[in-house]
Amino acid sequence: MKKEYNFSIKSTICIVIVTSIVTSIVTGLILYNNSKILIGSSNLQTDTALQEFLQVYYDLEDDYYTNIDKTEMIDQAIAAMLDYLGEDYSTYMNQDETADLENHLSGQYVGIGISITNGNQIIKVYQDTPADRAGLQENDIITNINGTSTEGLSQSAVSALISKTSENTIMINRSGATYTYKLTAETINSPLLSEIYEENSKRIGYIYIDSFTNTVETEFAKALKEIEEKGIDSLIIDVRGNTGGYLKGATAISSQFLEKGKTIYSLEGKDSTDVYVDETDENRNYPVVVLINDGTASASEVLASALKESYGATLVGTLSYGKGKVQLTKNLEDGSMVKYTTARWLTPNGECIDELGLEPDYLVDLEQQEDGTYIDTQLQKAKELLSQ
């Protein structure tokens with residue numbers, strides 16, 4: 001009889017970190033950050049469109065009938081320029097949005113310390129976090145957050161209900177009984193989970209990557225070393241729900257597996273296409289399965305496609321998000337940020353997956369049970385493939 005695994009078992013984690021900043025993280029590949037926007041004197045002298053813009057700015061400052069908040073007006077003008085491009089990934093981010101993004105990509109986040117799936121089911125409570133100390137448990141169903149029902153809401157919508165700055169009142173259903181908890185979000189180190197499964201005398205490693213933060217390269221290398229030292233025959237890399245982050249993280253992790261000289265991705269810009277290959281001497285040769293779903297986007301898709309096409313990894317799950325564009329970010333003096341697309345990225349085989357996504361080699365949906373919980377059939381399939 002085949003053993004079933006459900007989300008009440010630690011080893012069947014399909015993670016989406018609950019934090020009120022999650023909805024701001026589908027931002028794509030961040031190539032450059034903390035740059036300042038400077039306008040050279042030659043631009044001022046020769047760009048007639050810019051001169052016209054500045055003339056209107058000074059006319060309003062001098063002649064408008066009431067006082068003007070010049071900083072706010074310029075912010076609105078910048079936002080309008082990016083909006084004119086008509087492209088979802090080219091946007092203006094205010095100070096709060098910029099701070100949220102930078103905090104998340106620093107390797108930390110503000111939240112309560114739980115992971116959820118399918119909107120409102122808790123599948124992991126992290127140790128020594130507000131949720132852990134309050135008494136939330138795996139398999140709890142979140143029914144209400146701060147007076148708002150979670151019925152029918154997406155994972156990101158549920159996350160957005162959690163306040164970062166004040167006490168949260170969270171109602172949960174646990175085996176038919178209702179419980180209410182009060183807890184305040186705090187700064188938490190983004191977890192990178194690793195485990196080893198025993199299947200048919202095979203030792204299968206598992207690593208979940210939440211996002212491509214500043215620290216993901218170091219965290220992944222550490223986790224991989226730990227499970228390899230314990231002995232593994234193969235590896236599952238789980239990037240379900242991972243919406244991206246820094247491109248350097250996807251590049252570094254890919255380089256730990258690929259042979260030197262193998263292509264990781266290409267960037268197709270306005271005037272040229274640049275190919276990026278593995279430049280390290282490090283590589284591996286055991287089987288790898290990458291778990292993907294419709295929340296797998298951007299840098300996660302770079303990693304998945306590099307491992308599939310240049311390493312021979314197998315993709316299991318559902319069609320990925322399809323984010324094939326690269327953004328450059330620049331910080332403004334007031335703490336806000338502009339983010340705009342500079343290129344398309346291509347898989348090692350030269351394909352652009354923008355608005356298409358990555359097709360899994362094995363299309364597997366999660367299986368919903370009568371009680372509303374889900375069996376992680378995607379993880380089961382990965383184990384099955386690697387245990388043969």
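This is a short tour of the structure, stop by stop, with something to select each time.

**Before you click**

You're looking at a predicted model, where local features need pLDDT of at least 70, side-chain atom pairs count only at pLDDT 80 or more, and totals for chains, interfaces and linings use all residues. Residues are numbered from 1 along each chain as its sequence is written, and side-chain values use heavy atoms, with hydrogens and water left out.

**Stop 1: the whole chain**

Show everything as a cartoon. The protein chain has 10 helices and 23 strands; these are DSSP runs numbered from the N terminus, with helices being H or I of at least four residues and strands being E of at least two. Of its 388 residues, 50% count as buried. Here buried means under 20% relative accessible area, exposed means over 50%, and partly exposed is in between, using a 1.4 Å probe and protein chains only. Among contacts between residues at least 6 apart in sequence, 70% join residues at least 24 apart, a contact being heavy atoms within 4.5 Å.

**Stop 2: two helices side by side**

Select residues 48–63 for α2 and 70–84 for α3. Their axes come within 12 Å and cross at roughly 150°, which makes α2 roughly antiparallel to α3. The axes are lines fitted to C-alpha atoms, for helices over the stretch in contact, and angles run from 0 to 180 degrees between N-to-C directions. Angles under 35 degrees count as roughly parallel, over 145 as roughly antiparallel, 65 to 115 as roughly perpendicular and the rest as oblique.

Now turn on side chains: Phe53, Tyr57, Leu60 and Glu61 in α2 meet Lys70, Met73, Ile74 and Ala77 in α3. By class, that contact has six nonpolar, no polar and two charged residues. (Ala, Val, Leu, Ile, Met, Phe, Trp, Tyr, Cys and Pro count as nonpolar, Asp, Glu, Lys and Arg as charged, and the others, Gly among them, as polar.)

**Stop 3: a covered strand**

Go to residues 121–125, strand β5. All five of the five residues are buried, so β5 is largely enclosed by the rest of the structure. Add β4, residues 108–117: four bridges join β4 to β5, and the two run antiparallel. Two strands pair if DSSP finds at least two bridges between them. Serine 115 stands opposite lysine 124 in β5.

**Stop 4: a loop residue**

Pick leucine 153, in the loop between β7 (148–149) and α6 (155–160). Leucine 153 is partly exposed, with a relative accessible area of 30%. Try a distance to asparagine 120: the two are 33 residues apart in sequence and 7.8 Å apart in space, C-alpha to C-alpha.

**Stop 5: the six-stranded sheet**

Next comes an open sheet of six strands in the order β11-β12-β13-β17-β18-β21, with mixed pairing. Its edge strands are β11 (193–199) and β21 (362–363), each pairing on one side only. Two bridges join β18 (residues 314–317) to β21, running parallel, and glycine 317 stands opposite leucine 363 in β21.

Add α9, residues 299–311, which packs on the sheet and touches β13, β17 and β18. The direction of α9 makes about 150° with that of β17. Then add α10, residues 377–386, which touches β11, β12, β13, β17, β18 and β21. Eight of the 10 residues in α10 are buried, including Leu379, Ala382 and Leu386.

**Last stop: α8**

Finish at residues 247–255, helix α8, where seven of the nine residues are buried. Among them are Leu247, Ala250 and Ile253.
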